[in-house]
Amino acid sequence: MWRLYQFPLCPFSRKVRLLMSEKGIGYELWRENPWEPREGFWRLNAAGRTPVLEDKGKGIVLADSRAICEYFEETVDRAAMINGTAANRAEIRRLVALFDENFYGDVTAPLLHERMKKRIVLRQPPDSRVLREAMKLAHEHLEYIDWLVDTRAWLAGSTMSLADLAAAAQISVADYLGGIDWTGHEQSRGWYSVFKSRPSFRPLLTERMEVIQPPVHYAQVDA
């Protein structure tokens, strides 16, 4: 059995969980808070970041969400998430990088700092200017997703892919933290609602971060 080191609002852990669930791979969750460095965890991943996967029985440790996802794409012959032609696979990887890097840096990371770390660790109020900027950038990212949904069946093409998982993972954390305004983004909202209804996504909707509660619409599949 795989053990996944993560914390509830880690978007990269969420991406890995979605992939593993879609592929039918069993795992158990192990809480690893980034603000509480633990020597044993650093021995597993010198970067000190979640997610990390460990199979003690096989002596395997995997770190970094993209590396983990690529590992399962190569070893599990089910529900391919980096599929199609070479050009299709390149497009999937481009979008994964866009959401993992740009969306995370513009939106998810500032929201996590202001609404999670400041509350739980630093005991400080959030900076409203930073929150406004993150929500503004979220609007711009959703505009791009609107365009993708208008021109494709799924974000990267005709079938669901790792690009959809990466986007949904980032958006779910931002939405939990109240950083998403769906007004004017019916295409993105419709795509996300479809994704929220998948069995792989439902466990994420039930989890809560201590002392931080999501908006009412967060767990509603049609909202």
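In this predicted model, the largest pocket has a volume of about 610 Å³. Its lining is made up of 24 residues, and of these Phe12, Pro34, Arg49, Thr50 and Tyr104 lie nearest the centre of the pocket. Three helices, namely H1, H3 and H4 (residues 86-122), each supply at least two residues of this lining, and the largest share, which amounts to eight residues, comes from H4.

Two of the helices that contribute to the pocket, H1 and H3, also belong to the surroundings of a β-sheet. The sheet is open and consists of four strands in the order E2-E1-E3-E4, with mixed pairing. Its edges are formed by strand E2 (residues 27-31) and strand E4 (residues 60-63), each of which pairs on one side only, and the twist from one strand to the next averages 20°. Helix H1, which spans residues 11-22, packs on this sheet through contacts with E1, E2 and E3, and the direction of H1 makes an angle of about 155° with that of E1. Helix H3, comprising residues 65-75, likewise packs on the sheet, where H3 touches E1, E3 and E4 and has a direction at about 125° to that of E4.

Within the sheet, strand E1 (residues 2-6) and strand E3 (residues 52-55) run antiparallel and are joined by three bridges; Tyr5, for example, has Val52 in E3 as its bridge partner.

Further along the chain, helix H6 extends over residues 162-176, a run of 15 residues, and the distance from its first C-alpha to its last is 21 Å, which is close to the 21 Å expected at 1.5 Å a residue. H6 is mostly covered by the rest of the protein, in that 15 of its 15 residues are buried, where buried denotes a relative accessible area under 20%. Just after the end of H6, Gly178 takes a positive phi of about 75°.

Besides the open pocket, the model contains enclosed space, and the count comes to one cavity of 30 Å³ or more. The space in this largest cavity is about 30 Å³, and the residues that line the cavity are Met135, Ala138, His139, Leu142, Gly179, Ile180 and Asp181.

Methods. Residues are numbered from 1 along each chain as its sequence is written. This is a predicted model: local features need pLDDT of at least 70, side-chain atom pairs count only at pLDDT 80 or more; totals for chains, interfaces and linings use all residues. Side-chain values use heavy atoms; hydrogens and water are left out. Two strands pair if DSSP finds at least two bridges between them. Axes are lines fitted to C-alpha atoms, for helices over the stretch in contact, and angles run from 0 to 180 degrees between N-to-C directions. Contact means heavy atoms within 4.5 Å. The expected span of a helix is 1.5 Å times one less than its number of residues. Buried means under 20% relative accessible area, exposed over 50%, partly exposed in between (1.4 Å probe, protein chains only). On a 1 Å grid over the protein atoms alone, a cavity is a set of points where a 1.4 Å probe fits but cannot get out, and a pocket is an open set with protein on both sides within 12 Å along at least five of seven lines; lining residues have an atom within 4 Å of a point. Grid points are joined across faces, edges and corners, and a volume is the space filled by probe spheres set on the points.
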